[in-house]
Amino acid sequence: MSVPTARRGAGQAACHHGELLQGVFLDATGRRCAGLVTLPMTGMGSRAEFTRLPGTPPEQLTVLPGDRTKAARAAALTVAECAPRRREPPCGGELRITGDIPVGLGMGSSTSDVIAVVRAVADSYGVRLAPAAVARLAVRAELACDPLMLDARPALFAQREGRVLEVLGPRLPPLVVVGCALGGGAPVDTLALPVPAYDESDVRAFERLRALLRRAVATGDAALLGQVASASARRGQQRLRHPEFDTLTGIGRRLGALGVQIAHSGAVAGLLLDPAAPRLRHRIRGCVRALDSNGIAATRVFTTFPPLPTTKEFPSGPAHRGGHRPARPDTPRRPARLPAL
């Protein structure tokens, strides 16, 4: 029997710009599930290369950078998933991860790493995994994941279970997003935040927002989407308590934004603008100036226009880069640059 030769696989994954809606919802059986709808964004992401080494034990896995523990777990899980499909024993390999997503802002950096790794390992076996299988592996690797393995269709996703609760429609209404980083771009220690305790009234409120978002997507109503995102963001402040949040919403009201959106597990946020509004460029510049004058770092302007979102970056803006680890109090808060307009 011939020994399989080493084969290299590659994979990549995008990021997102926080959430449009996040809370607790009912699935098809009426059971409560934590769920979210993310705001997709292109321009940044993670890339992975995996070279499998047949004949080596599966625990012999070299990972660069060495602190990507979630990605390493994803690689081992994906080897165990794909090797039997090729009737080969699981083996070790060499994994290299690169990317440019800031860590700790709530842009899905760890999930992007994990999905890129899953795709790279599967590619090394010549296996194409369905999005549901990728989601299942991602949840096993990091306990909860973002829906970056899905296409651009807006979906309510149960992040702790790795499954789609509802596809809301074919695409989001056209929006222009003026992104920013709250809290000076410092990473958010999500593990230190209080765990939400939702009651029946909360579930009913989130289900109402879900229905409104479904209608906004179905009718292309960007204004209604902005209302939903703002309501979800305000509810999120019960846990996140960003000191600049009221300033952000005030800027949006003064300059005619449709609403605001935030990362419910980070510091990234955005003002949502109607691309059909008169003097759009003037409005965008006004938003950037207002953010800057209030000490909020504008980071990027991007759109949700079909077929794919587009981005344009600012030349400066604080963020945090580093290993894809949960942000903790001892995480260095050195200034870094989030690529932007």
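1. Buried means under 20% relative accessible area, exposed over 50%, and partly exposed in between. E81, with a relative accessible area of 18%, is therefore buried. The model discussed here is predicted, and the points below deal with its charged and aromatic side chains.

2. Salt bridges in the model come to 15. Three of these pairs are taken up in turn below, followed by a charged residue that has no such partner.

3. The buried residue E81 takes part in a salt bridge with R136, at 3.1 Å from N to O. E81 belongs to helix α1 (residues 69–82) and R136 to helix α3 (residues 131–142), so this salt bridge ties together parts that lie 55 residues apart in sequence. The two ends do not share a class of exposure: E81 is buried at 18%, whereas R136 is partly exposed at 35% relative accessibility.

4. Which residue does R31 bridge to? The partner is E161, and the closest N and O atoms of the pair are 3.0 Å apart. This salt bridge links distant parts of the chain, 130 residues apart. R31 sits in the loop between β1 (7–26) and β2 (32–53), while E161 sits in the loop between β5 (155–158) and β6 (163–167). R31 is partly exposed, with a relative accessible area of 40%, and E161 is also partly exposed, at 31%.

5. The R31 and E161 pair does not stand alone. A network of salt bridges links D27, R31, E161 and R163.

6. A further salt bridge joins R234 and D246, whose closest N and O atoms are 3.8 Å apart. Helix α5 (residues 222–240) holds R234 and helix α6 (residues 245–254) holds D246, so the pair ties together parts 12 residues apart in sequence. As for exposure, R234 is partly exposed with a relative accessible area of 43%, and D246 is exposed at 53%.

7. E19 deserves a separate look. Its place is in strand β1. E19 is buried yet forms no salt bridge. How far away is the nearest side chain of opposite charge? That side chain is R239, at 8.7 Å. A salt bridge requires the nitrogen and the carboxyl oxygen to be within 4 Å, so R239 at 8.7 Å does not qualify as a partner. Leaving aside residues up to four places away in sequence, E19 touches a number of others, including L36, V37, T38 and L39, as well as D146. Also among its contacts are Q261, I262, A263, H264 and S265.

8. On the aromatic side, the structure has 2 aromatic pairs. One of them is Y198 with F206, an edge-to-face pair with 5.3 Å from centre to centre and 85 degrees between the planes. An angle over 60 degrees counts as edge-to-face, so the 85 degrees of this pair places it in that class. Y198 is partly exposed at 33% relative accessibility, whereas F206 is buried with a relative accessible area of 1%. Ring pairs also bring in F25, so that F25, Y198 and F206 form a cluster.

9. Charges over rings complete the note. The ring of F206, part of the cluster with F25 and Y198, has the charged end of R235 over it, 5.0 Å from the ring centre. Elsewhere, R52 lies over the face of Y125, at 4.2 Å from the centre of that ring.

Definitions and conventions:
Residues numbered from 1 in each chain as written. Predicted model: local features only at pLDDT ≥ 70, side-chain atom pairs only at ≥ 80, totals over all residues. Heavy atoms only, no water. Helix = DSSP H or I, 4+ residues; strand = E, 2+ residues; numbered from the N terminus. Buried < 20%, exposed > 50% of the residue type's maximum accessible area, 1.4 Å probe, protein only. Lys, Arg positive; Asp, Glu negative; His and termini not counted. Contact = heavy atoms within 4.5 Å. Phe/Tyr/Trp six-rings, centres within 6.5 Å; stacked < 30°, edge-to-face > 60°. Lys NZ or Arg CZ within 6 Å of the ring centre and 35° of its normal.
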